[in-house]
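Here are my notes from a first pass through this one, written for someone who hasn't opened it before. Have the viewer ready as you read.

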Amino acid sequence: MQADPRLTPTSYIVLGLLEVCGEATPYDLKHLLAESVGNFWSVQHSALYAEPERLAGGGYVSERREQGGRRRRRYRITAKGRRALRDWGGRADRRIHGAARPGLLKLFFGAAPEKLAAPQLEAHSAKLAEYESLHAAMDGGGPAGPRLALEAGIAHEREWVRYWKRLAESS
């Protein structure tokens with residue numbers, strides 16, 4: 001076994017998908033991704049072929065090579081992988097960037113909403129305030145495109161604030 005690899009969002013996606021399905025080939029993972037977290041998180045297909053092997057090197061997944069036919073590699077999450085997935089899901093996360101939402105990814109893989117809601121609500125509230133300040137500074141002037149895009153961002157952040165507030169209040 002090699003030294004522990006640095007775990008990335010793609011690592012946690014692979015671990016989470018293996019936790020859900022039990023055992024899978026990279027090809028299976030590609031299809032599982034498309035039907036699940038791929039709807040809100042982008043992962044290059046090539047990463048789904050490289051990442052399981054990397055995780056196997058660190059002991060987060062086990063690998064079984066088929067003896068006949070195409071000799072596909074089949075991966076299964078290990079106890080170490082389950083611990084890493086659980087620990088990651090339990091860490092508060094205030095990051096929001098672009099379309100990638102780590103809080104939503106953690107929620108999908110079973111993290112406790114009560115641990116995620118407050119930091120996510122804080123982050124989205126701050127982003128909403130930033131967007132509203134930029135919008136106010138535009139004072140209706142300038143080209144319509146940037147203003148309209150900013151208004152879409154404001155609407156988007158208002159919805160995230162409403163969503164995480166509901167989760168925070170139900171905790």
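What follows is a set of numbered points, going from helices and cores to the sheet and the aromatic rings.

1. First, a word on what you're looking at: this is a predicted model. Every number below was computed from it, so to speak, on paper. 

2. Start with helix H3, residues 45-57. The helix has a kink of about 25° at Glu51, and the proline Pro52 comes shortly after that point. Just past the end of H3 you'll meet Gly59, with a positive phi near 85°.

3. Which residues of H3 are buried? They are Leu48, Glu51, Pro52, Leu55 and Gly57, and both the kink residue Glu51 and the proline Pro52 are on that list. As for their neighbours, the buried residues of H3 pack against two helices, H1 (9-21) and H2 (26-34), and against two strands, E2 (61-65) and E3 (73-77).

4. Leu55 deserves a click of its own. Leaving aside residues up to four places away in sequence, Leu55 touches Leu7, Ser11, Val14, Leu15, Tyr60 and Val61.

5. Now for the largest nonpolar core, which has 24 residues. Ile13, Leu15, Leu18, Leu33, Leu55, Leu105 and Phe109 have the most contacts inside it. Two or more residues each come from H1, H2, H3, E3 and helix H4 (79-90). Which element gives the largest share? That is H1, with six residues.

6. Apart from that core lies another one, of 13 residues. Its members include Leu121, Leu150, Trp160 and Val161. As general background, nonpolar side chains in soluble globular proteins tend to be buried together.

7. The sheet is open and has three strands, in the order E1-E3-E2, with antiparallel pairing. The edge strands are E1 (23-24) and E2, and each of these pairs on one side only. How many bridges join E2 and E3? There are five, in the antiparallel sense. E1 and E3 also pair in the antiparallel sense, over two bridges.

8. If you'd like to trace the sheet residue by residue, here are some bridge partners to look up. Arg65 stands opposite Arg73 in E3, and Arg64 has Arg74 in E3 as its partner. For Glu23, the bridge partner in E3 is Arg76.

9. Next, helix H6, which covers residues 113-138 and has 26 residues. From its first C-alpha to its last, H6 reaches 36 Å, close to the 38 Å expected at 1.5 Å a residue. Asp139 follows H6 and has a positive phi, near 50°.

10. The buried residues of H6 are Leu116, Ala117, Pro119, Gln120, Leu121, Ala123, His124 and Leu128. What do they pack against? Their partners are H4, helix H5 (102-108) and helix H7 (144-170). Leu121 ties in with an earlier point, being among the members of the 13-residue core.

11. Don't skip the loop between H2 and H3, where Trp41 is found. Is Trp41 buried or exposed? Its relative accessible area is 9%, so Trp41 counts as buried. For a sense of distance, try Trp41 and Gly142: they are 101 residues apart in sequence and 33 Å apart in space, C-alpha to C-alpha.

12. On to the aromatic rings, where the count comes to six pairs. In one of them, the rings of Phe108 and Phe109 have centres 5.0 Å apart and planes at 85°, so that pair is edge-to-face. Phe108 counts as partly exposed because its relative accessibility is 39%, while Phe109 has a relative accessible area of 16% and is buried. Phe40, Phe108 and Phe109 form one aromatic cluster.

13. Another pair to look at is Tyr163 with Trp164. Their ring centres are 5.3 Å apart and their planes are at 80°, so this pair is edge-to-face too. How do the two residues stand for burial? Tyr163 is partly exposed, with a relative accessible area of 24%, whereas Trp164 is buried, at 0%.

Key:
Residues numbered from 1 in each chain as written. Predicted model: local features only at pLDDT ≥ 70, side-chain atom pairs only at ≥ 80, totals over all residues. Heavy atoms only, no water. Bend = angle between axes of the 7 residues up to and from the residue. Helix = DSSP H or I, 4+ residues; strand = E, 2+ residues; numbered from the N terminus. Buried < 20%, exposed > 50% of the residue type's maximum accessible area, 1.4 Å probe, protein only. Contact = heavy atoms within 4.5 Å. Core = buried A, V, L, I, M, F, W, Y, C linked by side-chain atoms within 4.5 Å. Pairing = 2+ DSSP bridges. Expected span 1.5 Å × (residues − 1). Phe/Tyr/Trp six-rings, centres within 6.5 Å; stacked < 30°, edge-to-face > 60°.
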